[in-house]
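Subject: Handing over the structure

Hello,

Here is the structure I promised to pass on to you. Please open it alongside this email, and then read on for what turned up in it.

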Amino acid sequence: ALVTLDGVRVPVENLLGEEHAGFRCIMYNFNHERWLMNASMLRGSRAMLEECFKWAHQRETFGDKLTDKPVIRAKLARMAAVVESAHAWLE
């Protein structure tokens, strides 16, 4: 749903911060929210990566462990690289 607020008057006692400085206030809060969302996503990604490694180590296919397959090792390495790059960006 699209909400448009044209010509809305806000009483002075209900202002957050200075008049005409609301955009700066909102963007300041967005930065904190973005950081929190990224940190939460990173924690979930690390947990999933750990579970993938555990599963690949215990799973056997055609008599070999799944981690013995070069394709699987490459996929796990790529996943780890993406998670680590996200962590580096977050810092």
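Below is a short tour, starting with the helices and ending with some backbone details.

One thing to keep in mind from the start: this is a predicted model.

**Helix α1 and what covers it**

A good place to begin is helix α1, which runs over residues 22-58. With 37 residues at 1.5 Å a residue, α1 should span 54 Å, and its end C-alpha atoms are indeed 54 Å apart, so the expected and modelled spans agree. Which residues of α1 are buried? They are L42, S45, L49 and A56. If you look for what lies over these buried residues of α1, helix α2 is included in the cover. Helix α2 itself takes in residues 70-90.

**Salt bridges**

The structure holds four salt bridges. As general background, side chains of opposite charge can pair when their charged atoms come close.

One of the bridges joins the side chains of E84 and R46, with 3.0 Å from N to O. This pair ties together distant parts of the chain, since E84 sits in helix α2 and R46 in helix α1, 38 residues apart. Both ends are partly exposed: E84 has a relative accessibility of 42%, and R46 has a relative accessible area of 28%.

Another bridge stays inside helix α1. There E50 pairs with K54, and their closest N and O atoms are 3.4 Å apart. The two residues are four places apart in α1, about one turn of the helix. Why does that spacing suit a pair? An α-helix has 3.6 residues a turn, so residues three or four places apart point the same way. Here too both partners count as partly exposed, E50 at 41% relative accessibility and K54 at 43%.

A further bridge brings the side chains of D64 and K69 together at 3.6 Å, N to O. D64 is partly exposed with a relative accessible area of 36%, and K69 is partly exposed at 23% relative accessibility. Salt bridges with shared partners also join E50, E51 and K54 into one network.

**The stretch between the helices**

I would suggest looking next at the short strands and loops. Strand β1 covers residues 60-61, and strand β2 covers 64-65.

T61 lies in strand β1. Is T61 buried or exposed? Its relative accessible area is 16%, which is under 20%, so T61 is buried. Beyond its neighbours within four places in sequence, T61 touches L66 and K69. That K69 is the partner of D64 in the salt bridge above.

L66 comes in the loop between β2 and α2, and it counts as buried at 10% relative accessibility. Which residues does L66 contact, once its neighbours within four places in sequence are set aside? They are W55, A56, R59, T61 and I72. A56 deserves a second look: L66 and A56 are ten residues apart in sequence, while their C-alpha atoms are 5.2 Å apart in space. A56 is also one of the buried residues of α1.

T67 is found in that loop between β2 and α2 as well. With a relative accessible area of 12%, T67 is buried. Leaving out its neighbours within four places in sequence, T67 is in contact with A56, H57, R73 and L76. A56 thus appears among the contacts of L66 and among those of T67.

**Backbone details**

Two residues have a positive phi without being glycine. H20, in the segment before α1, has a phi of about 70 degrees. F62, in the loop between β1 and β2, has a phi of about 50 degrees. How open to the surroundings are they? H20 is exposed, with a relative accessible area of 78%, and F62 is exposed too, at 83%.

**Cysteines**

Last, the cysteines. In general, a disulfide is a covalent bond between the sulfur atoms of two cysteines. How many disulfides does this structure hold? The number is zero. C25 counts as partly exposed at 32% relative accessibility, and C52 is partly exposed with a relative accessible area of 30%.

Enjoy looking around, and do write back with any questions.

Best wishes

Key. Residues numbered from 1 in each chain as written. Predicted model: local features only at pLDDT ≥ 70, side-chain atom pairs only at ≥ 80, totals over all residues. Heavy atoms only, no water. Buried < 20%, exposed > 50% of the residue type's maximum accessible area, 1.4 Å probe, protein only. Contact = heavy atoms within 4.5 Å. Disulfide = S-S within 2.5 Å. Expected span 1.5 Å × (residues − 1).
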